[in-house]
Amino acid sequence: MNPLPLYVAIPLGAAFLIPLLGVWWKKSGETLAPLSMLILAVMSMLQVSRPAAVYYMGGWVPPVGIALVSDGLSTLLLIAINVIGFLCILFSLKYMQTYTGLTKYYALFMLMVAGMNGVVVSGDLFNLYVFLEVASIASYALVAFGVGAEELEAGFKYLILGSVASVMLLFGIGTVYAVTGSLNMADVAREIAMRFGGEMNPALLLAGAFFLMGFGLKAALVPFHAWLPDAHPSAPAPISAMLSGVVIKSLGIYAICRVFFNVYGIGTGAGEAVIFANGMIAFALLSIIVGGLLAIGQWDYKRLLAYSSIGQVGYVMLGIGVGARVLATGGQLSIAGLAILGGLFHMFNHVAFKSLLFLSSGAIQYATGTRDMKQLGGLREKMPVTAFTTNMAALSIAGVPPFSGFWSKLVILVATIKAGHTAIAIVAIVFAFVTLVYYIKVQREILFGSVSKLVEKAKEVPALMYVPLILLAIACVGFGLLYPMVGVYILEPARDALMNGAEYIQLVLG
Amino acid sequence: MTVYFLCIVLLTMGLYCLVAKKNIVKKVLGIVIMDYAVNLYLIIVGYKSGGVAPIIEPDMPAATLERFVDPLPQAMVLTSIVIGLGVLSLMVAMCIRLYEKHGTFDMSVISKLRG
């Protein structure tokens, strides 16, 4: 049986049942949510064995019907979303006990997962938009879940900017439909390739600009990043981990990749598509610089992590943008492949270490009651597991060998230099050191140093909270050392899906 | 061509309202105007003068088939309106909560986060 519809149906069903059963059964969320996330996580891992699959909804064959499609890239994202979702739900079981309205929390969480899975498996532009809205609305509500003054303001800001992005996306989708007469991504790609021979007509260029802006806002690329440093710290810790770990990637980076590589056919098309690749590189560089510089000055641990997310997403986008530029200018395929692989690898690593860091910030807040770095210190002695795992993630994200973050940044830099962008590579190297600087600050202020007053009373968090931390820490080391396995089974199929835009058309339309 | 231009004007008006107004309710209205501009745009994309509803009946003259309007943009607009309603209700609910916290709708008073 084709599992693709289940990725949407299971979390959507759980999101419906949890508040319904919650009227009589207080524990409905705590039971149903972990159960369905466990099923999804296992399903997504099994997907690795055969990533390419198509499901025609209601048996209608595209371009008339709506298709759910998964290929290497979708599989990579499905694994990230569902595994991290499961770990965050485990963490929530204890962490969220101080909040009220838990059935609503779990229902919104499952709705967000349903939306993200939908975005990733959708083969239709308008469906992608609808699922993106489902995930976004759930995440707006989750950011404001604490309903304090700060949470509400952050949620409202996120909501307003997110709505602008949605409006832009719908405008772009409408324009693409007006030009090509189809919404199915494979069919649109074929139309663009055949009718225009890959030539971009002005309407398609306009739509592309709207897509880059809309998805760029969801991915929090600078200059569309203003909501992220408020929204991510204000959410409850497991939600911050989801937002920084997977939401910005599945709604932003994945959608950019899918639209520009598979629909616009950046590799197969004419040279005009290079303008989008240049845009990606420019936004990526800005993100690396702004995110890095602003992170240094932060004393709120979660805010520092949020700015760091902006910078790291910049690295992901840099790899993908350089790959796109090489493809669009007709450069060597091997260099393009290397750059894209680096970008995807860094994205995969960032999912692991940034989720871990945000969960650890939750654990620290749970144990000490603060996330102000000035009031923390000497955590190593009082909370050894949290401190050790946080340290692993910090070393990994800062790019210290042999952790995974080092290898992915190295691949991106090598590919950037090979593609002839030495100046860009130098900026990226300098800001890799800036990353190191602010994670050394995290180490000094939180993990090492003298034991502060608040940490004195702290105890290690319960097992339900530190088990996800340990699993993610193993992933941080494992992705680096076991690269041959991760690379061959997960990353290379994803790279191939992006490199060969025509194969996507083949897969869907037969 | 003029209708498309007016559509863009409406979109920019919404964007202006969103950026320039300090009152958060007016910001919400700005979003709503932008939403409507896009819905209007989608309707214009599918518009055909003298069009008829695309319902196929037996023994239908070929000339009628020619006059069928494209139903897909209309279906998209319906979906988009429903999504817009969902977002709008969430926005209004947040406005009410913000008013309860601060006693004002003025964003410059509410705003404490540095962004």
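**Exercise 1.** At what angle do α5(A) and helix α10 (residues 237-263) of chain A pack, and how far apart are their axes?

*Solution.* The model is a predicted one, in which local features need pLDDT of at least 70, side-chain atom pairs count only at pLDDT 80 or more, and totals for chains, interfaces and linings use all residues. Residues are numbered from 1 along each chain as its sequence is written, while chains are lettered from A and ligands numbered from 1 in the order in which they are written.

Begin with the geometry: α5(A) and α10(A) pack at an angle of about 160°, and their axes are 12 Å apart. Axes here are lines fitted to C-alpha atoms, for helices over the stretch in contact, and angles run from 0 to 180 degrees between N-to-C directions. The angle makes α5(A) roughly antiparallel to α10(A), on a scale where angles under 35 degrees count as roughly parallel, over 145 as roughly antiparallel, 65 to 115 as roughly perpendicular and the rest as oblique.

Next, list the residues that meet, two residues being in contact if their C-beta atoms, placed from the backbone, lie within 7 Å. From α5(A) come A:Leu128, A:Leu132, A:Ala135, A:Ser136, A:Ser139 and A:Leu142, and from α10(A) come A:Ile239, A:Leu243, A:Val247, A:Leu251 and A:Ala255. Sorted by class, this contact holds 9 nonpolar, 2 polar and no charged residues, where Ala, Val, Leu, Ile, Met, Phe, Trp, Tyr, Cys and Pro count as nonpolar, Asp, Glu, Lys and Arg as charged, and the others, Gly among them, as polar.

**Exercise 2.** Describe the side of chain A that touches chain B, and then the packing of α6(A) with α2(B).

*Solution.* The contact takes 27 residues from chain A and 28 residues from chain B. On the side of chain A, the elements that give two or more residues are α5, α6 and α9, and the largest share, 16 residues, comes from α6(A). Helices (H or I, at least four residues) and strands (E, at least two) are DSSP runs, numbered from the N terminus. The residues on this side of chain A divide into 20 nonpolar, 3 polar and 4 charged.

Turning to the helix pair, the axes of α6(A) and helix α2 (residues 24-45) of chain B come within 9 Å and cross at roughly 10°, and the two helices are therefore roughly parallel to each other. Among the residues that meet are A:Phe156, A:Ile160 and A:Phe171 in α6(A), and B:Ile31, B:Met34 and B:Tyr41 in α2(B). By class, this contact has 14 nonpolar, 2 polar and 2 charged residues.

**Exercise 3.** Locate the cis peptide bonds and the positive phi angles described for chain A, and state the burial where it is given.

*Solution.* Most residues other than glycine have a negative phi, and most peptide bonds are trans.

Consider first the loop between α8 (202-218) and α9 (228-234) of chain A, where A:Pro223 is placed. The peptide bond from A:Val222 to A:Pro223 is cis, with omega near 10°. A:Ala220, found in the loop between α8 and α9 as well, has a positive phi of about 60° although it is not a glycine. A:Ala220 is buried, with 27 other C-beta atoms within 10 Å; a residue is buried if 20 or more other C-beta atoms, placed from the backbone, lie within 10 Å of its own, exposed if 12 or fewer, and partly exposed in between.

Then take A:Val147, which lies in the loop between α5 (125-143) and α6 (149-180) and has a positive phi of about 40°. With 15 C-beta neighbours inside 10 Å, A:Val147 counts as partly exposed.

Finally, a cis peptide bond with omega of about 5° joins A:Pro401 and A:Pro402, and A:Pro402 lies in the loop between α15 (384-398) and α16 (404-418).
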